[in-house]
Structure formats: C-alpha cells, structure tokens
Amino acid sequence: MKKFLNISLLSLVVLSSLTLGSCKNEIDEIFDEDAVARLDKAKAEFTEILTSNGGKWQMEYYANANEPGYVYLMTFRTDGSVTISGKNEWIGYVEGESLKVPTFGSQTSLWEVITDNGPVLSFNSFNKYFHLFADPEDIPSLDEEATDETGYGHEGDYEFDLMRYSNDTLYISGKKYGIDMIMTRVDANVDDHVYMDEVVAMADSFFNAKIPQVYINLPNDTRWVVKNGASSILKMFREGADEISTAETHNVIITHDGLSFMNPITLDGYTIQNFIRQADGSLLCRDDNTTTITADILSNVFMTQTFNWKADTVQSGGEFANFIRSMKTELNDYGKRKLSSVQMYYDNSLSRYAISFGCLYQKRTFYANYYFTAEAVGDNQIKFHYTGELSDAAVIYGEKCPSMNSIVQLLNSSTFTLTTSSLLAPVDMKMTDSGNSATYITWRL
Amino acid sequence: MKKIQYFISALLLVAVAAMSLSSCSEDKLGPTIFPDVDETLDPSSYTYQLDKFLEDNYLKKYNLTFLYKMPDVSTNMNYNLVPATYENSIDLAVLCKYLWFDVYDKVGGEDFLKSYGPRIILLIGSPAYNPTSGTEIVGLAEGGIKVSLFKVNAMRINDFNMMNEYYFKTMHHEFAHILHQTKTYPNEFNTISIGHYDSNNWQDRSEGQVASLGFVTTYASSEFREDFAETIANYIVKTDEQWNYILDLASRGWASGDEDDVTSQFFCYYYYPNNDVTQDLVYVSEWNVFTEVDEDGTVHKYWRNNKDSEGNRIVVYDVEDKDGIDGVEAILQKVQIARTWLKESWGIDLDQLREEVQYRQSHYDINELRKQVTDIH
C-alpha cells in the first residue's frame, strides 16, 4: 500500500509539472515587437542601408572554399535594380575570352531584401557576371580530362542572410552554402571600371610569378613560406618544415586595399585574416598590426642563384651613370659597337656571380663577363668581391673600354644598399653605393 | 482493498488533469501579427511594366502568381539553380499567355483556367540537373497548383524547335499534370504499355525504339503519368510533319547488337557485308541509307557510299518488328484516351486545342507580343 501511494504521488507530481508547463503557452516577452513586425522592420532597415549614400558596395565574394574570392561592385537602387560589376577570368570566359584573361563586365539585374528566418539579400534575376558562380553548368576548364561539374557548377550563393551592419560594413552569409562574406560601402562616385582595374592591378602587384615564394612574418620572428600566391590559393608551411607533409592551403581575396583570407587562420598561435597594402608594397595584418607578408630580405633576393638581373641603365646615377655613358662612347669608338645589355647573375659552372656587358657588333653579341663572390652584410646590404676572373671577351673589350673595369672596381670597392618599390614583389632593385647615395643603378628581373 | 486504492489514485489523476486542461482553455487568438502590406504596384519600379502585365493578365484574371524573381526557397534546395533573366521572363510571360492561357480560354471558355489553371507559375533560369543519371528537369507540376518552368536562360527565341521542345511542350506537359492531379485519367491508359516502362534507364533509350513500343518520347517511357502528359503535350505542339515522323518511327522494327543492354544503340536497318547473306548482318543508321523508287513504285534501300566487290550497291533491309507491339496503334490509342478524357472530364476538344496551338506557335511575332509589356506606361 505504501509503495502504491508513493508511486501515485510521484505520478501526480510529474503530471502536474508537465501539465502546468504545457499551459504556459507563451514564453516571457523578450522582444518589444512580434517576429513578423521585427522582420519587416529589419527588411526596411537593410533596404535603406543598401540604397543610402548612393548605394554602392564592394562585395568580397567567395563561391566556395577551394577557389579565390572575387571582388564585385554593386550599386543598389530603390527601384529594385542593381548594377553588378566585376573583373575576373570567369567573366572573361562568359565574354568569349581565354579562361586566363580577367575581363571587366557590368550588368544591371534585380535585387530585393526578402524575409525568411531573417532578412535575406536576394539577387533574384539572373546577372550573367554574378550568377555564373551559382550556375549549375559545367565549369569551363583548359584541361580536357577535367571533372564534369554539370549540376554543381561552382556552388556559389546568390542569396545571403544579412547578419549585421556596422561601420559601413555588412556581414552576410551565403544562404545555401553558408560562407561568411562582407560588403563594404564604396563612394558612389567611384567608376566601376576604373575601380575594378585597380583591384586587378593590385592583385598583379602582390604576387609576381618571378618571385616564387614570399613569407608571412609573425610577431615571434618565425616565418611561414607562402607559395602559389598568384593563384590566390596560398600554399603555406612553416619555414624549415617539410613542405610536402605540412603544407596547408588557404584561399584569399585581393581587394582594392589589400588581401584577406576567406576565414581567420591561426599560425603559431597568431590569428590573422586581413592585410592592408603598405606604401613599401608589403602587406600588414589589420588584425594584429604586426604580422607582415613580404618577400625574403632584399640581399637574399638579389643573391638568389636562379635570378638574372638586367640593368635599367636609364635609372642609374652618379658614377654608375658616368661609367655606362663612357662605356657606350668607348664601344662606339671601337668599331661602332654598341652596349646591348648589362646583366648580373649567378654562373653555376663557376659558382660565381657575374656582371656581364653585352657588346653588339655586326648583329653578334659578345659578353664581357667579370666574376665576383657576393656576401650579404645586412638585410638590405650587399658586398661584392672581384675574383680577378673574366671571360675572353672581357679581356678584349676591357682593354678597349676602360669604363668596364671602372664599374668592376666600383662594385668591388663599395658596399651597396638595396631598395625596391615592393617588398612583396621585389622585381626591381635599386642598388645604391652606401658611401655615396648619388651613385646607384637599378636592376630588374 | 486494492480496488479502492486504484480508485483514489485515479480520482486524483483525473482531478489534476481537469485542472490543467481548464487552465489551458483561457487561450485566445490575438490580432494578426502580419502587417497589412500595400500591394499597389510602384510605377517607378524597374520591373513595373512586367509586374503590371502579370497583375492584369494573370493575377486579376486567373488568381495566378507569376514568379519570375526566383526565391531559392521556392525550389528544391537539393538542386543548384539560378534565377531567370528579366528579359527572358518577359518573353516567357507573353508566350505563356499567347500559347497556353489564351488558347484554353478560346477552346475551353474563359472560366476553365480560372477554375482549373495553376495558381503559381515559377520561372527558373537553369535546368535542374540530375548528375547521376545525366538527366535534367525542364518542368515540374506540383500539387495541382504550381508549375515550374526551367532552363529559361537558354531560350533562343528564333529557334522554333528548341522553343517547342523545351518551353511550349513543357507548358502543355505540366498543365496536363495539373489536370490529371485534379481529375484522374482512365486507368485503361496505364495498361497499354504496361511492362515496357523503365524509370531508371529511360534516358538511355532511343526515340525509335520507344516509339516502336508505343511511346511518343523516351521520357514518356519512364512511367504512366509522364507517358500521359507527354502524349498530350507532343500531340498538341508537334507539327504534322513531326508527329508523322514519330508514327513512322513507331511503325518500324528496331534492334541492337545487344538487346539486353538498354543503353545500346538501336537501328531499324541492316545490311550484309559485300551483299553476302551468309555473313553476319551489320546494323546501319538511318542517315547512312538512301532510298530509290522504281518506275513500278518499288522502294529500294542502299547503304550510302559503299558497293560490293562486283560494284553493286549494298542492299539495306528493314529490321523486322519483333517486339510484338503495334507502336502506332498504341500511340493512337493513348491519344484517343486523352482525347476522350479531356472532352468528358474537362469539356476540352484536344484536336481543336492542337489546331489552335499549331496556328499560334507558327505565327507569333515576339516583338508584337512584347509590346504588351513594353507599351505599358
């Protein structure tokens, strides 16, 4: 009996709690307004945000995690139209160009802020330059054996959950595939074509195929090697680590101002994502204001044994300019010969650096080579030591052109400071006599 | 004693339940939380002309929402789809009216589509691909009220065959579905080709082979309902020449090198190498056969560009029709069932419908039709 009463009482307590709970059919009011009113309000607010101040925005668009991001400029109007402009190789393909040619395209289509679980920015009529990333057609490829992506395409979104707005930045998320992206307000007077040209020029200035690897320089003085920069799918591994087993890839977008990873990444405990281009051409991390992306120190870059530096004799000064000018005169006096080139490179057969003067005579070029060893005496300083070795042509031409020997002596006697227009892509290098800043010569890869 | 214990316990339970239920009865519905949205069209809108056309010609007339601004949520999210272009949406909006709604208004009376027409038409720019089967969806009818037309961005307005195959036919195909989803068609239809449907491999069959089995298209051979919709749609939109070609295919015998392989190519002609009937026969495609007619009217068929060792042309033979099915009869029987069903269930004369569609689809001027939209101010 006791047992029975206990069970009955327990049942009553459980039942009571359940039934009382079920009767409370409204949770406490959290919001001042009901859901529909709030959605409607959010829709109106985001519509206002998108169309105000000229309605021009930059979208940093990612179709998926395996492709680079692409910048699009969008001008939203209150009549429901939006002009979308971009410049990339996929637009080039749409326009009948080769797959590798970034091409500008601009088209007006429709947009709307709709409501679903929250406000959604929908580009709800087809724009051939934007929806190409959502189109399920096969992705064009230069590789005949490539996978057939029919039915999938790039799997990009064209509807975006509007997450939040702050400081002229809209934080959005692809509705179907969930990639987070941002939109930033752009001056309404910006010309779309000029802007997109500048973005592509920025991309070209960042990663140059002639500089095969650059470095992420972390605050703790460790470096991560970055390869394949020109593809915007960066291959990265810690300097000194095994590339094959440790390399990871991250896709990035190059914008009008810099470079961003699709998602924040953590290297040696430092989380980084957004980089701004600096005046010296390097990239500075906006998130920690310390991490940079640059090429190697300039002395190492200059001494890279696979590089062949060509002198831009017009961009020279002081004694370099004087000697080159004299050399041209001397060569002309020597049977109307001409100075066709001045180069510096590493001669693998001799394990020496060489300065090579190309002397043109009757459609034949003779190279007068003088050989050096080189040493880095600082991050940006280099010193050459003439070994006394020279090519047969140098024996002959050196006699007729004393200025050649003068340049060799100048290289041998001074320390030179290296500067470049871009620390990320140092394909030009100005070499200045550390003891006489008026004496310099510019080399280009 | 035990009975009393149960009684007390049960009484307590009933009392608690009654209390809790009675407290719930206080719930009342409040005023609607949905705002009273102003549906008036804004003349300054970029899409005002099309929106006004759709409002006047579809919404007000048929209570039909013509959705050309595609919300992804309105589609099957398993597919990757894109919206239609605005320009093609205009073209399809006026063509749907001219080739579909106006036709049924004329043949079935103005109330027909008001009562039985779809309530939503959704335009989608791309096809819905099924990558595993290699097929694509170009139209859908759902729940008797919604028709989705796909592949709108691929429209080539001056390519009659393309427009007919992918858009005009799809309109009538999907509407046939809407109609049979509302009033079912006679089961007799399903018995005509029973045992010859192949829902998994229909896309790999050849049009000649399926015609011989009594289907107007390969897709018709996938299942009963598609057969029904395809029969009606093809009968309506195919020109006399195209329709007779289907019947011609249906009248032939078809064979392949490997009858067990549904994906193998089927042929209706064969020859013997070097005209030597003791050798194994070789199947040959129709376009490699040329025909000559004698003075007495006898038809001779030869293999194009080849002769035997004696310089005689290689004789081509018709494949014997061994499937045991009169394909022409089966197709015509299906058309007749559809004809009767449309007449008796819906009051629609199929042949009058076909005549009207045939005239319109070969006489429309898209520039004139577009003016219904572009002339709106």
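Start by selecting chain B: of its 377 residues, 37% count as buried. Keep in mind as you look around that this is a predicted model. For the complex, the predictor reports an ipTM of 0.80 and a pTM of 0.82.

**Stop 1: chain B as a whole**

Switch to a cartoon view and you should find 12 helices and 11 strands in chain B. The radius of gyration of chain B is 29 Å, well over the 21 Å from the globule rule for 377 residues, so chain B is more spread out than a compact globule. Turn the chain along its principal axes, and the C-alpha trace spans about 105 × 80 × 40 Å. If you like contact maps, take the contacts in chain B with a separation of 6 or more: 67% of them come from residues 24 or more positions apart.

Now colour chain B by pLDDT. The mean is 88, and 90% of the residues of chain B reach 70 or more. Which elements of chain B have the lowest and the highest mean pLDDT? Helix 1 of chain B, residues 2–24, has the lowest at 50, while helix 2 of chain B, residues 48–62, has the highest at 97.

**Stop 2: a helix pair in chain B**

Stay with helix 2 of chain B and add helix 3 of chain B, residues 86–108, to the selection. The axes of these two helices come within 11 Å and cross at roughly 20°. An angle under 35 degrees counts as roughly parallel, so that is how helix 2 of chain B runs relative to helix 3 of chain B. The crossing of helix 2 of chain B past helix 3 of chain B is left-handed. To see what makes the contact, show side chains for B:Leu50, B:Phe53, B:Leu54 and B:Asn57 on helix 2 of chain B. Facing them from helix 3 of chain B are B:Ser89, B:Ile90, B:Ala93 and B:Lys97.

**Stop 3: over to chain A**

Hide chain B and bring up chain A, whose secondary structure comes to nine helices and 25 strands. Chain A has a radius of gyration of 32 Å, whereas a compact globule of 445 residues would have one near 22 Å. Its C-alpha trace spans about 120 × 60 × 45 Å along the principal axes. Of the 445 residues of chain A, 35% count as buried. Among contacts in chain A between residues at least 6 apart in sequence, 49% join residues at least 24 apart.

**Stop 4: two loops to check on a Ramachandran plot**

Most residues other than glycine have a negative phi. Select A:Asp221, in the loop between strand 10 (213–217) and strand 11 (223–227) of chain A. A:Asp221 is not a glycine, yet its phi is positive, about 70°. Is A:Asp221 buried or exposed? A:Asp221 counts as exposed, because it has 6 C-beta neighbours inside 10 Å.

Next, go to A:Gln362, in the loop between strand 20 (352–361) and strand 21 (364–378) of chain A. The phi of A:Gln362 is also positive, near 50°. With 7 C-beta neighbours inside 10 Å, A:Gln362 counts as exposed.

**Stop 5: a distance to draw**

Finish at A:Thr329, in helix 7 of chain A, residues 318–333. A:Thr329 has 12 C-beta neighbours inside 10 Å, so it counts as exposed; the cut-off for exposed is 12 or fewer. Draw a C-alpha to C-alpha distance from A:Thr329 to A:Leu339: the two are 10 residues apart in sequence and 9.3 Å apart in space.

Methods
Residues are numbered from 1 along each chain as its sequence is written. Chains are lettered from A and ligands numbered from 1 in the order in which they are written. Helices (H or I, at least four residues) and strands (E, at least two) are DSSP runs, numbered from the N terminus. The radius of gyration is taken over C-alpha atoms; the globule rule is 2.2 Å times the number of residues to the power 0.38. A residue is buried if 20 or more other C-beta atoms lie within 10 Å of its own, exposed if 12 or fewer, and partly exposed in between; C-beta atoms are placed from the backbone. Two residues are in contact if their C-beta atoms, placed from the backbone, lie within 7 Å. pLDDT is the predictor's confidence in each residue, from 0 to 100. Axes are lines fitted to C-alpha atoms, for helices over the stretch in contact, and angles run from 0 to 180 degrees between N-to-C directions. Angles under 35 degrees count as roughly parallel, over 145 as roughly antiparallel, 65 to 115 as roughly perpendicular and the rest as oblique. A crossing is left-handed if the near helix is turned anticlockwise from the far one by less than a right angle, and right-handed if clockwise.
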